[in-house]
Amino acid sequence: MELIVGIPRALLFYKYKDLWLQFFANLNIKTVISPKTNKEIIDKGSSYVVDEACLSLKIFMGHVDHLQNKCDYLFIPRVACLNKNEKMCTNFLVLYDLVKNTFEDCKILMYNVDVENNEYEFDGFLKIGKTLGFSYFKTLRAYQNAKKYEKEKRRQKYLLETRKLRSPHLKILVVAHSYNLYDDFVGKPILEYLESQRIAAICSDITTGDEKVNTSISHSIYWTYNKELMKIIEDTLNHIDGIILISTFPCGPDSLCNELIIRKIKSKPILYLTCDNNASDTGIITRLESFIDILKYKKERSTNDQQYN
Amino acid sequence: MQKCYLGIDIGSISTKGVIINQNNDILYSDYIWTEGNPIDAVKRLLKSLEKNFDKEKYQIVGVGTTGSARKLIGTILNASIIKNEITAHAIGTISKYPDIKTILEIGGQDSKIILVEDKIVTDYAMNTLCAAGTGSFLSSQAKRLNIDVKDFGNIALTSTNPTKIAARCTVFAESDLVHKAQMGYKKEDIIAGLCKSVALNYLNNVGKGKKIKSPIIFQGGVSKNIGVKKAFESLLKKEVIVDENGHLMGALGVAILAQNEKEINFDFNITNLNFTTIGVECDKCPNHCEIITIRKDNKLIDAWGNRCERGAIKN
């Protein structure tokens with residue numbers, strides 16, 4: 001019988017989907033991905049975790065629930081550390097245990113990345129290969145191939161997003177973790193709204209993801225993904241009209257880092273949106289609308305000034 | 001025949017309307033309670049505006065709506081422009097106070113700060129999910145102390161020694177208030193302390209990190225409370241303006257914005273039409289979107305709330 005691996009469409013899926021899916025495809029393993037986030041998934045996920053957990057984690061658990069009985073193995077990554085002296089949000093460390101203890105009968109495909117303890121990305125894939133019965137070389141080839149594919153995808157994505165920086169329309173950098181940015185209940189409606197208003201929305205997930213980045217916004221922040229976001233702000237700041245920060249309630253790293261960004265970046269207007277599952281769209285739309293108005297008036301004013309001078 | 005423009009601001013608590021001429025002068029204005037029924041409130045508002053309206057002299061050629069029910073009322077009135085309340089408030093205020101730098105606003109459910117530089121809005125902030133320190137908080141505390149919220153400000157002014165009340169969160173403020181009352185603090189001191197805590201809470205939350213420059217204007221329902229105004233002045237050590245027409249600024253702003261739109265022919269007859277809204281739940285996917293449909297004399301004119309095409313309701 002054919003083996004099926006289930007992958008929740010949540011959290012790190014959005015960041016590593018090219019690498020993961022290509023790796024499984026190279027090994028001819030069938031994968032099933034949970035559907036796009038919907039209300040049922042959020043409600044279900046919320047019922048599994050404590051109230052204090054962030055919305056993104058609740059969404060993740062909803063996706064895991066959806067995959068129950070639909071696959072032989074659940075792919076639940078544990079990403080504890082990507083670079084020495086850097087940290088990840090604790091959510092990414094506990095996913096394995098959380099799922100294991102919530103859904104007792106499920107079989108989990110173990111994937112662990114913990115650079116500080118000498119477990120690199122390839123070691124994680126090697127473990128998967130071993131569990132599924134593939135030789136070292138077959139796994140290595142599948143990994144290298146997938147890595148190449150991922151690199152090309154990221155290059156395309158980078159070009160796509162940076163091209164928007166030359167748009168004649170208003171340019172807004174939308175800063176959020178990719179799992180929030182592309183989630184159908186969190187960031188997607190915001191991106192769609194911006195598009196409907198003819199705004200060039202530059203998505204913040206355009207770093208290579210493999211190299212350690214440093215940012216002048218803060219030298220002491222140690223969360224890898226937040227550092228990447230800060231770096232993107234720094235790099236694009238002179239080419240954009242404004243910044244929108246999106247975070248899910250109550251994200252720990254974001255609440256510190258976004259506050260820091262707001263305090264340090266004074267040259268461009270910033271809108272900070274916190275999403276929760278009970279917030280209706282209207283509050284978000286009101287804030288977006290008025291933010292766009294501010295940017296529009298500002299731009300009109302500065303083009304007028306240039307004409308007079 | 002002179003051209004004029006109608007602006008309506010439909011908030012959660014009150015509905016405001018103005019009719020202005022081309023020079024932005026307010027010709028007619030009115031202010032009524034929304035009472036949870038925006039359509040009915042607007043009908044009542046229009047009826048009262050129509051009573052004094054000189055139909056021989058003026059013709060309304062533009063309509064704008066703002067406030068939380070702006071889309072609903074805008075659709076019904078076939079408005080020329082539908083604008084969010086932040087932009088509308090700023091434009092209305094700037095038209096009356098061209099030099100204004102900071103707009104503080106505390107309404108029934110929300111509070112915001114708008115920073116203006118050289119007649120354009122440069123920055124703003126709104127309260128987050130939490131409604132601490134807004135009008136509804138003050139009125140529930142007034143009820144607890146068994147006094148009319150209208151007298152709040154004047155009672156606060158009689159206090160010489162405002163009691164300290166935790167301002168961070170409504171729940172803590174409330175338990176603090178009960179505690180202080182039981183300890184034997186005077187009522188006026190507690191009320192003055194409450195006013196101060198509202199102002200302090202606002203500056204720490206909404207106004208956090210913002211440079212508050214003079215001239216400063218204070219608007220929204222809570223601005224009618226002189227105690228809070230005085231508290232702002234003593235905390236900021238700057239003069240704070242309160243305009244007696246402060247509540248009309250949103251309606252004024254959106255009426256001004258309507259001047260730049262394509263002209264329409266507005267007819268007061270609209271108040272005689274029968275508008276109904278019906279909420280339906282879409283069952284075509286697990287999202288269960290709540291869709292609101294607007295009917296004019298039982299004919300569907302618009303619907304919204306669906307997240308995707310599947311939920312689109314068509315005639």
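**Exercise 1. The cis prolines**

P250(A) sits in the loop between β7 (242–248) and α10 (252–264) of chain A. This is a predicted model, so treat what follows as a tour of that prediction. Task: find which residue precedes P250(A) across a cis peptide bond, then find a cis bond in chain B.

*Solution.* Start with the background: most peptide bonds are trans. Now step to the bond itself: F249(A) leads into P250(A) through a cis peptide bond, with omega near -10°. Over in chain B, S214(B) and P215(B) are joined by a cis peptide bond too, with omega about -10°. To place that one, look in the loop between α7 (187–205) and β9 (216–219) of chain B, where P215(B) is found.

**Exercise 2. Positive phi without glycine**

Task: locate R198(A) and N146(B), and work out whether R198(A) is buried or exposed.

*Solution.* First, the general point: most residues other than glycine have a negative phi. R198(A) isn't a glycine, yet its phi is positive at about 55°. Trace the chain and you'll find R198(A) in the loop between α8 (188–196) and β6 (200–203) of chain A. For the last step, its relative accessible area is 58%, and the cut-off for exposed is over 50%, so R198(A) is exposed.

Do the same for N146(B), another non-glycine, with a positive phi of about 60°. N146(B) belongs to the loop between α4 (135–144) and α5 (152–157) of chain B. At 66% relative accessibility, N146(B) counts as exposed.

**Exercise 3. Two domains in chain A**

Task: describe how domain 1 and domain 2 of chain A meet, and say which three residues of domain 1 supply 26% of the area it buries there.

*Solution.* Set the bounds: domain 1 covers 4–152 and domain 2 covers 167–308. Their C-alpha centres are 27 Å apart. Next, count the contact: domain 1 of chain A brings 29 residues and domain 2 of chain A brings 25 residues. Together they bury about 2,300 Å², with carbon and sulfur atoms giving 57% of that. On the domain 1 side, Y14(A), L55(A) and E86(A) supply 26% of the buried area, more than any other three residues.

Then go polar. Two salt bridges cross between the domains, and eleven residue pairs are in polar contact. The side of domain 1 that touches domain 2 takes two or more residues from each of α1 (13–26), α2 (39–48), α3 (55–67) and α6 (136–163) of chain A. By type, this side splits into 14 nonpolar, six polar and nine charged residues.

**Exercise 4. Chain B against chain A**

Task: size up the contact between the chains, and find which element gives the largest share of the chain B side.

*Solution.* Begin with the head count: 26 residues from chain B and 24 residues from chain A. The chains bury about 2,100 Å² between them, 49% of it on carbon and sulfur atoms. Now the pairs: four salt bridges and eight residue pairs in polar contact. Among the salt bridges, K83(B) meets D293(A) at 3.0 Å, N to O.

As for elements, α3 (85–96) and β8 (120–126) of chain B each supply at least two residues of the chain B side. The largest share, six residues, comes from β8(B). Sort that side by type and you get ten nonpolar, eight polar and eight charged residues.

**Exercise 5. Salt bridges within chain B**

Task: follow two salt bridges, K96(B) with D243(B) and K213(B) with E117(B), and ask which parts of the chain each one links.

*Solution.* The chemistry is familiar: side chains of opposite charge can pair when their charged atoms come close. For K96(B) and D243(B), the closest N and O atoms are 3.8 Å apart. K96(B) lies in helix α3 of chain B and D243(B) in the loop between β10 (240–241) and α9 (249–258), so the pair ties together parts 147 residues apart in sequence. Check the surroundings: K96(B) is partly exposed at 37%, whereas D243(B) is buried at 8%.

For the second pair, K213(B) and E117(B) come to 3.4 Å between their closest N and O atoms. K213(B) is in the loop between α7 and β9 of chain B, and E117(B) is in strand β7 (residues 111–117), 96 residues apart. Here K213(B) is partly exposed at 36%, and E117(B) is partly exposed at 35%.

Terms used: Residues are numbered from 1 along each chain as its sequence is written. Chains are lettered from A and ligands numbered from 1 in the order in which they are written. This is a predicted model: local features need pLDDT of at least 70, side-chain atom pairs count only at pLDDT 80 or more; totals for chains, interfaces and linings use all residues. Side-chain values use heavy atoms; hydrogens and water are left out. Contact means heavy atoms within 4.5 Å. Buried area is the accessible area (1.4 Å probe) that two parts lose on being put together, summed over both. A salt bridge is a side-chain nitrogen of Lys or Arg within 4 Å of a carboxyl oxygen of Asp or Glu. A polar contact is a pair of N or O atoms within 3.5 Å; within protein, one must be able to donate a hydrogen and the other to accept it, and residues adjacent in sequence count only if both atoms are side-chain atoms. Helices (H or I, at least four residues) and strands (E, at least two) are DSSP runs, numbered from the N terminus. Ala, Val, Leu, Ile, Met, Phe, Trp, Tyr, Cys and Pro count as nonpolar, Asp, Glu, Lys and Arg as charged, and the others, Gly among them, as polar. Domain bounds come from an automatic or database domain assignment. Buried means under 20% relative accessible area, exposed over 50%, partly exposed in between (1.4 Å probe, protein chains only).
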